[in-house]
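Me: I am new to reading protein structures. Could you take me through one, feature by feature?

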Amino acid sequence: MKQEEIETVRNWLSSPKKIAIIPHRSPDGDAMGSTLGLYHFLLKFGHEPLVVVPNEFPDFLAWMPGSDATVVYEKDRENVSRQLEQAELVFTLDFNALHRTGEMETVLKRLKVPFIMIDHHQHPEDYAAVRYSETRFGSTCEMLYNFIGFLGHEGDIDHTIATCIYTGIMTDSGNFRFPSTSSTTHRIAADLIDKGVDNARIYSQVYDSNSYERMQLVGRALQNMKLIPEKKTSYITLSQEELDTFRYIKGDTEGVVNYGLSIKGIVFTAIFIEHRDENIIKISFRSKGDFDVNRFARTHFNGGGHINAAGGKSNDSLAETVRRFEKLVAAIEIHDYV
């Protein structure tokens with residue numbers, strides 16, 4: 001961040017304010033970690049922060065401190081809209097385009113107060129008065145740690161704030177194994193552990209709370225996996241019937257796409273999940289090396305993200321979406337990853 005932007009934020013936060021904190025729709029560990037970490041930080045200085053999530057977040061994140069204080073827009077649109085309209089300042093975390101909030105986009109566009117963006121995705125929109133936008137970071141939580149430091153309050157990161165930030169760094173870095181994980185990332189994680197973070201417990205809370213039905217769903221997803229070996233590509237499909245059969249709840253398909261990338265020789269993978277209630281196919285893409293799934297998602301599936309991890313959607317049927325994907329893959333060149 002530029003020094004003048006830091007001073008602007010300091011000035012805005014110099015007196016208590018009603019502050020809305022917004023993650024993207026279907027928030028993951030980084031989105032919830034950053035919003036809740038900021039929530040606890042702002043509480044310490046007399047502000048009235050409110051975390052507004054566009055829709056429900058997964059059960060495996062419900063243990064996070066402050067998660068019970070969040071409000072869900074889709075559960076009470078009218079009341080939550082009134083609360084948003086009372087905000088004097090808005091933080092948006094872990095996304096950089098207002099459409100990523102779904103139906104909340106209309107409400108947010110009406111607000112006449114300053115927005116502050118903290119995000120690590122490509123191609124940010126210009127809705128925010130202050131943008132801390134850096135694609136080199138592996139998580140928004142790592143950026144929040146820096147942001148608090150920029151304001152001169154690194155010493156105010158207590159155990160609760162540290163727990164939220166660590167959770168987001170851990171999940172968005174693939175447990176510290178993705179290429180964007182730097183030595184600085186590890187130093188920040190070490191500092192958070194020094195502040196009392198129970199890293200083993202956080203891992204267990206996120207990854208060791210599977211239901212029997214979820215494990216069955218993962219098994220079906222693996223059975224459905226298809227390979228296009230000549231294009232170093234794999235993909236997985238899950239239909240609405242399959243989700244219903246295994247009593248799908250939000251978060252059950254988290255991370256399943258990564259199985260396709262674990263196969264020897266595979267450089268590009270995708271998962272296609274049918275959601276009839278929204279009349280869309282939700283898609284996640286992953287890649288290795290320099291194959292840009294962000295560009296692929298933006299160009300063909302109304303999505304975006306990072307070079308090696310992106311999402312998209314399709315309004316066609318599941319079968320039609322997969323056929324289109326196969327045709328696109330047949331026409332592109334995917335190089336070996338070494």
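Reply: Start with the labels. Helices and strands are DSSP runs, numbered from the N terminus. Keep in mind that this is a predicted model. Now try the labels on K231. K231 sits in the loop between β7 (226-228) and β8 (233-238).

Me: Which residues does K231 contact, leaving aside its neighbours within four places in sequence?

Reply: Contact means heavy atoms within 4.5 Å. By that test, K231 is in contact with V329, A330, I332 and I334, once neighbours within four places in sequence are left aside. Check the C-alpha atoms too. Those of K231 and A331 are separated by 9.4 Å. Along the chain, K231 and A331 are 100 residues apart.

Me: Next, T321. Is T321 buried or exposed?

Reply: Buried means under 20% relative accessible area. T321 has 0%, so T321 is buried. T321 belongs to helix α13 (residues 318-330). Beyond its neighbours within four places in sequence, T321 is in contact with F272, I281, I283, F301, S314 and D316.

Me: Can I read a whole helix that way? How many residues of α5 are buried?

Reply: Count them along the helix. In α5, 9 of the 11 residues are buried, so the helix is largely enclosed by the rest of the structure. The buried ones are T140, C141, E142, M143, L144, Y145, N146, F147 and I148. Then look just past the end of α5. There, G152 takes a positive phi of about 85°.

Me: How do I describe two helices that pack together?

Reply: Two packed helices are described by the angle between their axes and the distance between the axes. Take α5 (residues 140-150) and α7 (residues 183-194). Their axes come within 11 Å and cross at roughly 70°. Angles of 65 to 115 degrees count as roughly perpendicular. So α5 and α7 are roughly perpendicular to each other. The crossing of α5 past α7 is left-handed.

Me: Which residues make that contact of α5 and α7?

Reply: From α5 come E142, Y145 and N146. From α7 come T184, T185, I188, D191 and L192. By class, this contact of α5 with α7 has 3 nonpolar, 3 polar and 2 charged residues.

Me: Show me another pair. At what angle do α6 and α8 pack?

Reply: Helix α6 (residues 159-172) and helix α8 (residues 199-207) pack at about 60°. Their axes are 10 Å apart. At that angle, α6 and α8 are therefore oblique to each other. Here the crossing, α6 past α8, is right-handed. On the α6 side, T163, Y166, T167, M170 and T171 take part. They meet N199, I202, Y203, V206 and Y207 in α8. The α6 contact with α8 divides into 6 nonpolar, 4 polar and no charged residues.

Me: Why do some of those residue numbers go up in steps of three or four?

Reply: An α-helix has 3.6 residues a turn, so residues three or four places apart point the same way.

Me: Last one, disulfides. How many disulfides does the count come to?

Reply: A disulfide is a covalent bond between the sulfur atoms of two cysteines. To count one, the sulfurs must be within 2.5 Å. The count here comes to 0 disulfides. Look at C141. Its closest cysteine sulfur is in C164, 7.8 Å away, and that is too far for a bond. C164 is likewise in no disulfide.

Me: Is C164 buried or exposed?

Reply: C164 is buried, at a relative accessible area of 0%. C141 is buried, and its value is 0%.

Key: Residues numbered from 1 in each chain as written. Predicted model: local features only at pLDDT ≥ 70, side-chain atom pairs only at ≥ 80, totals over all residues. Heavy atoms only, no water. Axes fitted to C-alpha atoms, helices over the stretch in contact; angles between N-to-C directions. Helix = DSSP H or I, 4+ residues; strand = E, 2+ residues; numbered from the N terminus. Parallel < 35°, antiparallel > 145°, perpendicular 65-115°, else oblique. Left-handed = near helix turned anticlockwise from the far one by under 90°. Nonpolar A, V, L, I, M, F, W, Y, C, P; charged D, E, K, R; others polar. Buried < 20%, exposed > 50% of the residue type's maximum accessible area, 1.4 Å probe, protein only.
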